[in-house]
Amino acid sequence: FFKEMPFKIAVEDDGNSFFKLTIKVRKQIVADGLPIDEYDVTNVGQHLDAKSWNNALEKGATVVDMRNHYESEIGHFKNAIKPDVNTFRESLDLIENDLKNHKEDKNLIMYCTGGIRCEKASAYFKHRGFKNVFQLKGGIIEYAKQV
């Protein structure tokens with residue numbers, strides 16, 4: 001059943017990161033406060049591996065940290081837009097407002113811890129008219145393993 005399921009394993013995992021598997025059924029994986037049919041959550045931004053991500057950084061893409069304030073203070077990519085928010089929902093409008101004049105001409109690349117928030121955020125920004133939306137596949141966890 002889990003053949004195609006990506007598992008998130010901590011960077012410095014000693015085999016004890018997660019003590020048990022818990023599966024919960026939710027209407028939404030990440031609460032964004034929007035109606036469920038507001039946008040197509042499967043129409044996500046293009047996934048970038050670490051090498052492609054680094055190339056996009058070098059070419060001057062607009063980098064957005066989709067994590068909350070606490071997480072981005074621990075560490076972030078240089079020049080990343082880091083919304084000062086406590087929840088995912090708060091970040092969506094702030095980011096869209098900051099970048100509203102660049103929906104068609106900038107490459108928007110985003111990252112989060114494990115990639116889940118970016119799945120929703122990239123779909124949301126595509127729905128809101130951003131043309132060049134990318135996300136770090138597997139988030140910082142996967143990036144750290146590749147780099």
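Here's a quick tour of four strands and one helix in this structure. Keep in mind that you're looking at a predicted model. We'll start with strand β3 (residues 107-111), which pairs in the parallel sense with strand β4 (residues 132-136), and which also runs parallel to strand β2 (residues 62-65). From there we'll hop over to β4 and its pairing with strand β1 (residues 46-48).

**Strand β3 and its partners**
- β3 is mostly covered, with four of its five residues buried.
- Strand β2 is joined to β3 by four bridges, and the two run parallel.
- To spot this pairing in the model, look for Asp65, which sits opposite Tyr111 in β3.
- Four bridges also link β3 with β4, again in the parallel sense.
- Two residue pairs help you find that link: Asn107 stands opposite Asn132 in β4, and Leu108 faces Val133 in β4.

**Getting from β3 to β4**
- Helix α4 covers residues 116-127.
- Together, β3, α4 and β4 form a β-α-β unit, and this unit is right-handed.

**Strand β4 and its link to β1**
- β4 is mostly covered too: four of its five residues are buried.
- Besides its four bridges to β3, β4 has three bridges to strand β1.
- The β1 and β4 pairing is parallel.
- A handy place to look is Leu48, whose bridge partner in β4 is Leu136.

Note on methods:
Residues are numbered from 1 along each chain as its sequence is written. This is a predicted model: local features need pLDDT of at least 70, side-chain atom pairs count only at pLDDT 80 or more; totals for chains, interfaces and linings use all residues. Side-chain values use heavy atoms; hydrogens and water are left out. Buried means under 20% relative accessible area, exposed over 50%, partly exposed in between (1.4 Å probe, protein chains only). Two strands pair if DSSP finds at least two bridges between them. A crossover is right-handed if, with the strands pointing away from the viewer, the path from the first strand over the helix to the second runs clockwise.
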